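Colleague: I should be grateful for a close look at a single part of this model. Please describe how one pair of neighbouring helices is arranged, and then place that description in a wider setting.

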2 protein chains.
Amino acid sequence: MEQIETAPRPRPKQAGKREQTKQQNRQIILDAARTVFAENGYGATTVRDIIRATPLASGTFYNYFQSKEEVYQAMQDETALAIRPRLREAREKAGSVEEFISATFQTFFEFVLRDDVDVRAIRHNADITRMRVDTPEVIAGFDELREDIEKAIARGLFPPVDADYLMAAIVGVAFEVSERMVRRAAPDAAVAANFATALFLGGIRALPHEGVGSATA
Amino acid sequence: MEQIETAPRPRPKQAGKREQTKQQNRQIILDAARTVFAENGYGATTVRDIIRATPLASGTFYNYFQSKEEVYQAMQDETALAIRPRLREAREKAGSVEEFISATFQTFFEFVLRDDVDVRAIRHNADITRMRVDTPEVIAGFDELREDIEKAIARGLFPPVDADYLMAAIVGVAFEVSERMVRRAAPDAAVAANFATALFLGGIRALPHEGVGSATA
DNA sequence: CTAGGAAGTTGACGGCGCGTCACCGATCTG
DNA sequence: CAGATCGGTGACGCGCCGTCAACTTCCTAG
């Protein structure tokens, strides 16, 4: 597994030019797609639009992706891969239900506010108001959450509940509340996280009360 | 506003043939679309596929819908309009937080299991694993839920919480848990509703415990 | 009952996006 | 340096797109 120092000096690290160009082209296409999606909306965008925003030929595009859906998938996967380690890490440290839930939501909402800016722009689809795509990497993130819940149950941190439904509930609240959050005048990840956390810890009655000083815009 | 009995006998009720044909054609297209979407998946379907599944000409299609997206929207709207009155009615009767939440989830999950069968079939999109479309009528349903929550708060039924986020949380859990529910070997609306209700009433700790007799498959 | 007009249907058409593939230049290997 | 391989290129044929002039059907006023 260990590479012994027999490689030529000039470039002691990576592969040949072929490989370089490949990764470069892939990134060129992804970047172009991001721009075009943001400009035209996902629905109105054609593969040709993406190609045109690129110095490459049409045939080259199809060496990398089969369709605009696949490009979008790749973008989603990138996002999922970016946030998953943060979520895992946050949950790993948790010593209680409170910390587990709080860390999950806090991390998620913060990520949405910071990194998801351009991704959100894509959503202004032509006719379709909204769209959520669960790519393999996104689904893997869901599975990780369920695993973490199961582990937490095994450790006695959580009561022995239906881990699958609990995962679904957390995911549902995370996505749906974040959708609302970003539409607010002054989006605040902490407010959203507090709301979701209180809900999961104590139900509706435990939610922060409004109009009593801790109001939310 | 009242129509006086001056109309000719033969057909004392409705409008001319033009109007009849129009409604008929619209329905022909919607039915054809349902079939084609279910067979090919939404993504792979073209407007031409829908037209071909119809005795109509291509130009006629465009007299009724602009695109396959619009057809799908119309289908979603139909569904939303079917369930919304049931949800409203269920919530109207509620005399407590418990009833409000329980009735909402129970009604929703039952509807998904019973009426949503073919709609679910549509979702096996080509590349995209999943897709949710919020049409105007669907969004109106969300607004109704928020209104009902606000009314419940005004009545003192609910504590004064953030109605917008609470609505989002309920919607998120409803959609996400129902997605899981229908994938189970023996989908059970009552189990799902109990889970969601307990979560909203008392948080994670209030959820039904598993492996203690009341297990969930 | 009929004539003229309004409404709606038809299908052929030009335009374009689709995915492919034969060709060719660039890179790698011995 | 020569041969082999890899991957980029862009023109091509196909089918879908939305349109629109011609036509048929229905409505209505006289």
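Modeller: What follows concerns a helix pair in chain B, then the surface near a DNA strand, and lastly chain A. The model is a predicted one. The pair consists of helix α4 of chain B, residues 68-92, and helix α5 of chain B, residues 97-115. Their axes lie 8 Å apart and form an angle of about 155 degrees. Since angles over 145 degrees count as roughly antiparallel, α4(B) and α5(B) are therefore roughly antiparallel to each other. The crossing of α4(B) past α5(B) is right-handed. On the side of α4(B), the contact is formed by Ala82(B), Ile83(B), Arg86(B), Leu87(B), Ala90(B) and Arg91(B). From α5(B) come Phe100(B), Ala103(B), Thr104(B), Thr107(B), Phe108(B), Phe111(B) and Asp115(B). By class, the residues of this contact comprise eight nonpolar, two polar and three charged.

The surroundings of DNA strand D have another make-up: 20 residues surround the strand, and they divide into four nonpolar, 11 polar and five charged. The closest are Ala57(A), Gly59(A), Gly16(B), Arg48(B) and Gly59(B). Two or more residues each are given to this surface by α1 (17-40) and α3 (58-64) of chain A, and by α1 (17-40), α2 (47-52) and α3 (58-64) of chain B.

As for chain A, its secondary structure comprises nine helices and zero strands. Of its 217 residues, 29% count as buried. Among contacts in chain A between residues at least 6 apart in sequence, 59% join residues at least 24 apart.

Note on methods. Residues numbered from 1 in each chain as written. Chains lettered and ligands numbered in written order. Predicted model: local features only at pLDDT ≥ 70, side-chain atom pairs only at ≥ 80, totals over all residues. Axes fitted to C-alpha atoms, helices over the stretch in contact; angles between N-to-C directions. Helix = DSSP H or I, 4+ residues; strand = E, 2+ residues; numbered from the N terminus. Parallel < 35°, antiparallel > 145°, perpendicular 65-115°, else oblique. Left-handed = near helix turned anticlockwise from the far one by under 90°. Contact = placed C-beta atoms within 7 Å. Nonpolar A, V, L, I, M, F, W, Y, C, P; charged D, E, K, R; others polar. Near = placed C-beta within 6 Å. Buried ≥ 20, exposed ≤ 12 C-beta atoms within 10 Å, placed from the backbone.
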